[in-house]
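Notebook open, model loaded. I want to look up how some of the helices pack, then check a few odd backbone spots.

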Amino acid sequence: MSRILIVEDEESIAELEKDYLELSGFEVEIENDGEQGLHMALHEDFDLVILDLMLPGVDGFEICRKVREVKNTPIIMVSAKKEDIDKIRGLGLGADDYITKPFSPSEMVARVKAHLARYERLIGSGVPDNEIIEIRGLKIDKTARRVWVNGEEKNFTTKEFDLVTFLAQNPNHVFTKEELFNKIWDMESIGDIATVTVHIKKIREKIEFNTAKPQYIETIWGVGYRFKV
């Protein structure tokens, strides 16, 4: 559940904002004083801050400036001032949005949702990192299906990539040609298992410094292949 901080000295407005946000499933905290609002914004974890400009103690501009020094939390400024200079100043200090009073509470909720969604996209929230295999200078990005050797990207065919990835994911395990053929080509008896040998040769040409003395894919004579770690 996303947690919202409202820093607003007009209690009736703050409570109205809170009611609408809570109805939309947000957890909401209210602070009516600027100094305390700044303290909460800096020292507690909120997903978004709704910040009034005219506050006792510390004004919204100063709160925005200090929060932006240490956090990228989305900030929506709220003010009765309609002058462009205040809006420009607020956005220039790092606010993500600026709403003038009076405003529709449902519009505010819509803006909150939009900024939270945008922020989640920016930080990649909920998006898993690419799955990476790294072994002695060899880097395999399973998600992007890309391969680098000592920082240089190498082009792999689909089956070459599947084969080297499978071996790298099962280090020191010796696989027969039949096992590799069945696993990668997904066929029991159709085709020629010699294609495994051909693909291993092509992979070695791309990842090995010396194909005669491979450091990654080792041939176990009379058995098959293994990926050394």
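I began with helix α1 (residues 11-23) and helix α5 (residues 105-123), bearing in mind that this is a predicted model. I got axes that come within 9 Å and cross at roughly 60°. So I put α1 down as oblique to α5. For the hand of it, I noted that α1 passes α5 in a right-handed crossing.

Next I asked myself which residues of α1 meet α5. From the α1 side I listed L16, E17, Y20 and L21. Across from them, in α5, I found P105, S106, M108, V109 and V112. Sorting the residues of this contact by type gave me seven nonpolar, one polar and one charged.

Second pair: helix α2 (residues 34-43) with helix α3 (residues 60-70). Here the axes come within 10 Å, and I have them crossing at roughly 15°. Because angles under 35 degrees count as roughly parallel, I wrote α2 down as roughly parallel to α3. I logged the crossing of α2 and α3 as right-handed.

Which residues make the contact here? In α2 I picked out G34, L38, A41 and L42, and in α3 they meet I63, K66, V67 and V70. My tally for the contact of α2 with α3 was six nonpolar, one polar and one charged.

Then I turned to the backbone. Where is the cis peptide bond? I found it joining K101 and P102, with omega at about -5°. I placed P102 in the loop between β5 (97-100) and α5.

On to positive phi in residues that aren't glycine. I stopped at R145, where phi is near 55°. R145 sits in the loop between β7 (138-141) and β8 (146-149). Is R145 buried or partly exposed? I read a relative accessibility of 41%, so R145 counts as partly exposed.

N150 went into my notes for its positive phi too, about 50°, and N150 is not a glycine either. I located N150 in the loop between β8 and β9 (152-154). Buried or exposed, then, for N150? I noted a relative accessible area of 66% for N150; exposed means over 50%, so I marked N150 as exposed.

To round off the page, I jotted the pairs again: α1 is oblique to α5, and α2 is roughly parallel to α3. Beside them I kept the backbone entries: the cis bond between K101 and P102, the positive phi of R145 and the positive phi of N150.

Technical notes: Residues are numbered from 1 along each chain as its sequence is written. This is a predicted model: local features need pLDDT of at least 70, side-chain atom pairs count only at pLDDT 80 or more; totals for chains, interfaces and linings use all residues. Side-chain values use heavy atoms; hydrogens and water are left out. Axes are lines fitted to C-alpha atoms, for helices over the stretch in contact, and angles run from 0 to 180 degrees between N-to-C directions. Helices (H or I, at least four residues) and strands (E, at least two) are DSSP runs, numbered from the N terminus. Angles under 35 degrees count as roughly parallel, over 145 as roughly antiparallel, 65 to 115 as roughly perpendicular and the rest as oblique. A crossing is left-handed if the near helix is turned anticlockwise from the far one by less than a right angle, and right-handed if clockwise. Contact means heavy atoms within 4.5 Å. Ala, Val, Leu, Ile, Met, Phe, Trp, Tyr, Cys and Pro count as nonpolar, Asp, Glu, Lys and Arg as charged, and the others, Gly among them, as polar. Buried means under 20% relative accessible area, exposed over 50%, partly exposed in between (1.4 Å probe, protein chains only).
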